[in-house]
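Here are my notes from an afternoon of looking things up, kept short for whoever shares the bench. Have the structure open and follow along.

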Amino acid sequence: MAELSKNHAPLAVYIHWPYCARICPYCDFNVYKQKQDDDLLRAILADLKHWRTRSGPREIVSIHFGGGTPSLLSGEEVAQLIRSVDALWGVGDDTEIAIEANPTDMDAARWEAYRAAGINRLSLGVQSFDDAVLTRLGRDHNGTAAQKALEKALQIFPSVSADMIFGHTGQTVAHLDAELDTLLSFAPPHISAYQLTIEEGTAFARAESRGEARAVDTDTSADLYEQVGARLSDAGYDAYEVSNHAKDGHRSRHNLAYWQGLDYVGVGPGAHGRITEDGVRYATLAALTPRDYSARVNETGSGLTDNTLLSSEDRASEYLMMGLRISEGISVKTYADYAGEALPQTRVDALKTMGLIMQKGDRLSATQAGRMVLNSVSAKLLGV
Ligand code: SF4
């Protein structure tokens, strides 16, 4: 692999593969029914070149294959993309190279090929081990398949994250405990435990509007969230972000780049990016559909449809909202540098008194209670 540019500003690379074998009813990602799309692969490779020209030399902290279902890509396709990032910027031994996968697509030979290509972390969409819950969530795997896939992932990859969903209608603390017992018996080094949220425009949102509940009520949701935190903390995981729990050395470097406000480029349909040039930060967005994205790259060399200069206010708000998600919180000085003014002390003090935030020197972070109502904590700090 090429030499990593350690002296340059860090950069994370997100590669969006938008196809899925089937579309889940709660999903609001930019996804399309699976098909072979060689044009898209070529377009992504060309778009990476555009980004290298724009970003200049950078230290690549992570490459993340997300989707959609990027594990529908072959080992050789993944290898080609990693080689391209390596040739353009350089990839080091400590660069996190991660891919998302579903238990249904588990294919040991393909996963071995990913590992040989340089993938060092696999993020597995377990969601639940309970067949009835998986059916209700519209997943096409069962609990046995989830267990087999998790076991195989742990054999092949040095770092593995298991994604779980809690808070589906009818779930009790006892049911959640049983799910966590099974999960912890595998001891994955990283766990993302997401609360089921009903996103506008999804099949679940339509069901709820017909009066058919899909998620638990707010009180139960808070109880379940607390239980996840307590169980995983007892098992030695650090809740370094609202929904993410890691053993030492297994935090997601890619997601941390988002939460810490580092630059990232997004290639592939609908991928977002943030890039700082001459001290100002741009929010970028690639064309949404695979067809439009490929056409755009063919015409202009880049998949971008939007390149918005963030105002100092927007940059500061984003830094605060993302940074409060992680245990290290935000630097109040950095916030003030971005915003052009300090956070009003009266707002900070009011939230401290309510036990929702804490401050140690320059760092301001959310307490456990604050994490449960993080959107309103951020809004109060920002005065919106
Ligand atoms: S597999 Fe994942 S990305 Fe694809 S539709 Fe389901 S939830 Fe969405």
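**Entry 1: a hairpin.** I began with strand β16 (residues 357–360) and strand β17 (residues 363–366), which run antiparallel and are joined by 4 bridges. I should say at once that this is a predicted model. For one pair across the hairpin, I noted Met358 opposite Ser365 in β17. Which residue between the strands takes a positive phi? I found Gly361, with phi near 60 degrees, in a hairpin that has 2 residues between its strands.

**Entry 2: a covered strand.** Next I looked up strand β7 (residues 159–166), and 7 of its 8 residues are buried, so I wrote it down as mostly covered. What does β7 pair with? On one count, I have 5 bridges from strand β6 (residues 121–127) to β7, and the two run parallel. Within that pairing, Leu122 stands opposite Val160 in β7. I also have 6 bridges from β7 to strand β8 (residues 190–195), again running parallel. There I picked out Phe166, whose bridge partner in β8 is Gln195. A reminder to myself while viewing strands: in a regular strand the side chains alternate between the two faces of the sheet.

**Entry 3: a loop residue.** I then went to Ala215, which sits in the loop between α7 (203–209) and α8 (218–234). Is Ala215 buried or partly exposed? It counts as partly exposed, because I find 19 C-beta neighbours inside 10 Å and buried starts at 20. Leaving out residues up to four places away in sequence, Ala215 touches Gly167, His168, Thr169, Leu196 and Ile198. I also checked Ala215 against Leu48: they are 167 residues apart in sequence, and their C-alpha atoms are 39 Å apart in space.

**Entry 4: Tyr19 and the ligand.** Tyr19 belongs to strand β2 (residues 19–20). I have Tyr19 down as buried, because 20 other C-beta atoms lie within 10 Å. Setting aside neighbours within four places in sequence, I listed its contacts as Tyr32, Gln34, Lys35, Gly68, Thr69 and Leu72. From Tyr19 to Gly67 I get 7.1 Å between C-alpha atoms, with their positions 48 residues apart along the chain.

Which residues surround the ligand? I wrote down Cys20, Ile23, Cys24, Cys27, Phe29, Val31, Gly67, Gly68, Thr69 and Asn102. Sorted by type, this shell gives me 6 nonpolar, 4 polar and no charged residues.

**Entry 5: a covered helix.** Helix α9 (residues 253–260) is mostly covered, with 6 of its 8 residues buried. I listed the buried ones as Arg253, His254, Asn255, Ala257, Tyr258 and Trp259. What comes after α9? I found Gly261, with a positive phi near 85 degrees.

**Entry 6: two helices in contact.** Last, I took helix α11 (residues 312–323) and helix α12 (residues 332–339), whose axes come within 7 Å and cross at roughly 160 degrees. I therefore call α11 and α12 roughly antiparallel to each other, since angles over 145 degrees count that way. Who makes the contact? From α11 I have Ser312, Glu313, Arg315, Ala316, Tyr319 and Leu320, and from α12 Thr334, Tyr335, Tyr338 and Ala339. By type, the residues of this contact come out as 6 nonpolar, 2 polar and 2 charged. That is where I closed the notebook.

Conventions:
Residues are numbered from 1 along each chain as its sequence is written. This is a predicted model: local features need pLDDT of at least 70, side-chain atom pairs count only at pLDDT 80 or more; totals for chains, interfaces and linings use all residues. Axes are lines fitted to C-alpha atoms, for helices over the stretch in contact, and angles run from 0 to 180 degrees between N-to-C directions. Angles under 35 degrees count as roughly parallel, over 145 as roughly antiparallel, 65 to 115 as roughly perpendicular and the rest as oblique. Two residues are in contact if their C-beta atoms, placed from the backbone, lie within 7 Å. Ala, Val, Leu, Ile, Met, Phe, Trp, Tyr, Cys and Pro count as nonpolar, Asp, Glu, Lys and Arg as charged, and the others, Gly among them, as polar. A residue is buried if 20 or more other C-beta atoms lie within 10 Å of its own, exposed if 12 or fewer, and partly exposed in between; C-beta atoms are placed from the backbone. A residue is near a molecule or strand if its C-beta atom, placed from the backbone, lies within 6 Å of it. Two strands pair if DSSP finds at least two bridges between them.
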